[in-house]
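I sat down with this model to look up a few things, and I kept notes as I went. Here they are, in the order I took them.

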Amino acid sequence: MTRTTFPTRKAATLLAYLVTHPGNHSREKLLEIFWPELELDPARHALSMALSHLRNALERDFTQPKGTLLRASRDSIGLETAAYSTDMGSLPAGFDTERLLPGFYDDWVLKLRQHIAETVPPASSTTPLSLEPLPAALVPFLGRHELRGSLPGLLASTRLLTLVGTGGVGKTRLALELLRDFEAEGKSVAWVELAALTDPETILDRAAINLGLKNDEALVHALRQSPLLLGLDNCEHLIEGAAQAVRRLLRACPLLTVLATSREPLHVTGETLVRVPCLTEAESIELFCGRAVQAQPGWELIPQERPLLAQICQRLDGLPLALELAATQLRRQTLPELAQHLEGSTIALPSGNRGGAPRQQTVQAAIAWSYQLLSEPEKELFVRLALFLGGWTREAASALGSERLDTQNLLDELVDKSLIQLDRSERGRRYYFLETIREFAQARLAELPPETALALRRKHLEFYYALAESGPGMLSNTNHLWVHQLDPEQDNVRQALSFCRIDQPERAVSFCNFLTPYWATRASFREQKQQCLETLAQFKAPPMTPAFVRFLNDLCANLQVQANWEEASAVLALLPPDVQDLLTLSSRAMLAFNQGQLEKSHELFMQSFQEAQRHGTPEQQASALTNQASVLIAQRKLAEARDALTQARALTTVPAYQTSGFALVDLLEGKLASARAVLQGKLADDLARNYHYEHAYTITLFALLALHEGSFQQAAQLFGASMSWETYQGQHIQEPERSLRASKMAFLKTTLGEIEFATAFSQGEYLPLEQTLALLTAPCGTV
């Protein structure tokens with residue numbers, strides 16, 4: 001049943017307002033919007049009549065109890081949000097706002113149309129996806145012929161297909177094979193692994209990164225425009241967050257289809273479930289024989305032993321993971337010996353999921369059985385490796401070993417027995433557990449005596465503390481090599497730092513100090529803030545050691561990057577007034593600068609330079625002069641600023657840190673050709689060092705250059721891109737660039753007009769880095 005007409009136009013208008021503005025609204029607000037010309041009592045009566053008409057039209061006609069659809073109290077009015085839905089959140093690019101509430105011209109309708117016109121991208125704005133190749137198949141796909149053949153038809157009739165089954169049943173491999181089939185047909189597919197994630201809020205960010213985009217908003221924008229089959233693997237440990245992410249994407253992106261794997265349904269409207277069963281006897285034998293030949297070339301199943309193999313497959317419940325682990329044992333055992341061993345080695349482990357599902361226990365039994373076949377040294381190393389998160393290197397494994405363990409050979413043995421995986425890439429060899437095997441190993445780790453576990457955690461801490469301490473510093477030309485080494489170790493570093501805070505709080509302060517150059521290079525400002533504040537919370541009375549003074553100054557700098565001036569001031573206040581070291585003077589100077597106190601910051605930066613001359617290094621002197629130049633630029637003392645930058649460059653071995661200042665001076669002096677040449681060099685340097693922190697600054701400087709060259713549209717786009725990078729990185733560019741950007745954006749709004757500026761700005765916000773770089777290098781007026 002539908003209703004398209006209402007007794008009065010006011011009733012229809014009120015309903016339209018409540019639908020497009022979810023939530024409760026005060027009666028006074030509604031009176032001002034809909035009956036501004038009436039006195040208070042007549043207006044209240046008119047509102048009551050309109051509500052009565054709506055109740056009759058909605059609740060009575062649809063036979064709903066009173067209050068089910070329309071909530072009205074003495075103070076407020078609203079619709080029950082669960083009782084209706086709209087397509088307001090998924091309007092297509094180029095949406096014609098005149099199609100919204102046609103025939104209505106109230107002020108609030110016009111404002112709503114204007115808001116949509118400013119937020120919905122134009123039809124011509126497209127964001128191409130950067131689709132990475134699917135993970136290569138390392139072994140042939142065996143079995144599942146009938147199920148595999150049925151899935152394309154299901155995907156043609158649903159937008160969310162979830163493969164559900166126990167761990168080790170082969171959901172991931174089946175999903176990847178299906179995606180490869182679609183890719184072979186020329187269709188766009190993408191794959192996102194969620195197993196390593198621990199925070200459900202990062203699901204869409206991970207998907208965006210995999211597709212070459214900056215954030216979840218850019219992801220939604222891009223997926224609205226292009227058809228895509230998106231695979232989401234291992235949703236079960238983040239089930240609520242995964243469901244929310246999928247629900248959002250499907251509502252906003254009508255061209256998207258999702259193929260998910262999970263141990264339980266997502267329970268999203270429209271979801272089609274396919275329960276992936278254990279393999280049939282024939283499929284199990286096919287898989288076992290295929291893997292056995294790979295494990296032991298030349299092995300062949302003789303007809304007399306086929307019934308025995310069928311018994312083994314039945315014993316292992318036809319679970320692919322268990323079958324593959326069993327097949328590798330044929331290097332050491334005959335098939336009869338394997339069958340005999342299995343008869344007495346079914347190990348039931350406590351289930352980690354709801355209700356202890358039998359199939360979950362069976363997977364664990366297969367892993368436990370494989371574990372029992374290990375030698376004692378192999379078992380010991382296997383359990384120790386469970387301490388790692390997100391994988392490890394050979395060096396890290398050796399750090400957790402002992403004198404009696406031949407760690408390097410044992411690692412190779414564990415890889416050979418399929419209990420750990422080896423990933424060979426350009427960055428070297430890296431080991432990791434499959435998820436189900438990792439859970440088993442962690443259960444064994446938890447059974448160790450407390451003193452043994454504590455000793456292992458301290459070894460883990462020592463390795464990653466030393467790795468952090470080995471960093472050459474931000475001002476080193478080799479900093480990027482150390483950063484690349486730390487990139488895959490972030491889960492391990494976090495775990496080590498978390499343990500260090502409890503076990504050795506003062507050492508955790510130094511740990512944070514060592515990690516600061518990494519966090520800055522990778523623009524991980526939110527991460528740094530969280531880790532440092534959690535470390536600071538361990539101290540009731542902070543010790544004023546040199547390490548702690550540096551820690552507080554680094555935290556103050558981090559808070560300033562995020563424009564948290566009050567928090568930065570509070571952190572500095574922890575330092576006694578008589579602390580006048582170089583770092584503290586610089587922090588106080590930068591805080592004064594960012595708060596607009598130019599004379600005070602000028603004086604403090606001068607003091608920090610003098611302190612660096614007395615007790616610091618040439619690099620610290622260069623840093624102080626570079627900061628001093630920023631103040632001089634803000635004061636428009638450009639000649640003095642150029643002199644300070646020139647002095648700084650003569651003192652440093654990393655001249656790139658003065659490049660922004662030289663470019664800005666050139667811009668303000670009108671030397672545009674020189675500014676462009678300087679910025680092009682800076683951009684190349686940033687990309688070569690993979691220096692994420694500088695992206696927002698570099699893009700802002702290019703935007704200023706485009707504006708000075710007269711390319712106003714390009715400047716607006718680049719301002720949008722720079723602010724998008726700020727949001728993505730959790731930073732705010734500091735002075736003098738921040739004030740310059742604000743003033744020039746105001747100029748562009750006036751020059752271009754609000755709508756034209758907003759359109760160009762929005763286009764820049766959604767540009768992936770590759771397109772932003774193309775915009776930076778394009779000649780003036782060509783974009």
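**Salt bridges.** I began with the count: the structure holds 32 salt bridges, a salt bridge being a side-chain nitrogen of Lys or Arg within 4 Å of a carboxyl oxygen of Asp or Glu. Before going on, I noted that this is a predicted model, where local features need pLDDT of at least 70, side-chain atom pairs count only at pLDDT 80 or more, and totals for chains, interfaces and linings use all residues. I also noted that residues are numbered from 1 along each chain as its sequence is written, and that side-chain values use heavy atoms, with hydrogens and water left out.

I looked up E462 and R507, whose side chains meet in a salt bridge at 2.5 Å, N to O. E462 lies in helix α19 (residues 450–469) and R507 in helix α22 (residues 505–521), so this pair ties together parts 45 residues apart in sequence. For the helix labels I used DSSP runs numbered from the N terminus: helices are H or I with at least four residues, strands are E with at least two. E462 is partly exposed at 38% relative accessible area, and R507 is also partly exposed, at 22%. My cut-offs here are under 20% for buried, over 50% for exposed and in between for partly exposed (1.4 Å probe, protein chains only).

My second pair was R522 and D487, with a salt bridge of 2.8 Å, N to O. R522 sits in the loop between α22 and α23 (525–536), and D487 in the loop between α20 (479–486) and α21 (490–503), so the pair links parts 35 residues apart in sequence. I checked accessibility again and found both R522 and D487 buried.

Then I turned to E611 and R614, whose closest N and O atoms are 2.9 Å apart in a salt bridge. Both are in helix α27 (residues 598–615), 3 residues apart, which puts about one helical turn between them. Buried or exposed, I asked of E611? E611 is buried, at 15% relative accessibility, whereas R614 is exposed at 53%.

I also found a network: R148, E177, R180 and D181 are joined by salt bridges that share partners.

**Helix packing.** Since I was already at α27, I looked up its packing with α26 (residues 582–594): the angle is about 160 degrees and the axes are 8 Å apart. The axes are lines fitted to C-alpha atoms over the stretch in contact, and angles run from 0 to 180 degrees between N-to-C directions. α26 and α27 are therefore roughly antiparallel, a label for angles over 145 degrees. Residues making the contact include L585, A589 and F593 of α26 and L604, F605 and E611 of α27; contact means heavy atoms within 4.5 Å. So E611 turned up in my notes again, here as part of the α26 contact with α27.

**H145.** I found H145 in helix α5 (residues 145–156), exposed at 53% relative accessible area. Which residues does H145 touch, leaving aside its neighbours within four places in sequence? They are E283 and E286. H145 and E283 are 138 residues apart in sequence and 8.8 Å apart, C-alpha to C-alpha.

**Whole protein.** I closed with totals: 36 helices and 10 strands, and buried residues making up 50% of the 783 residues. Among contacts between residues at least 6 apart in sequence, 69% join residues at least 24 apart.

How values were computed:
Parallel < 35°, antiparallel > 145°, perpendicular 65-115°, else oblique.
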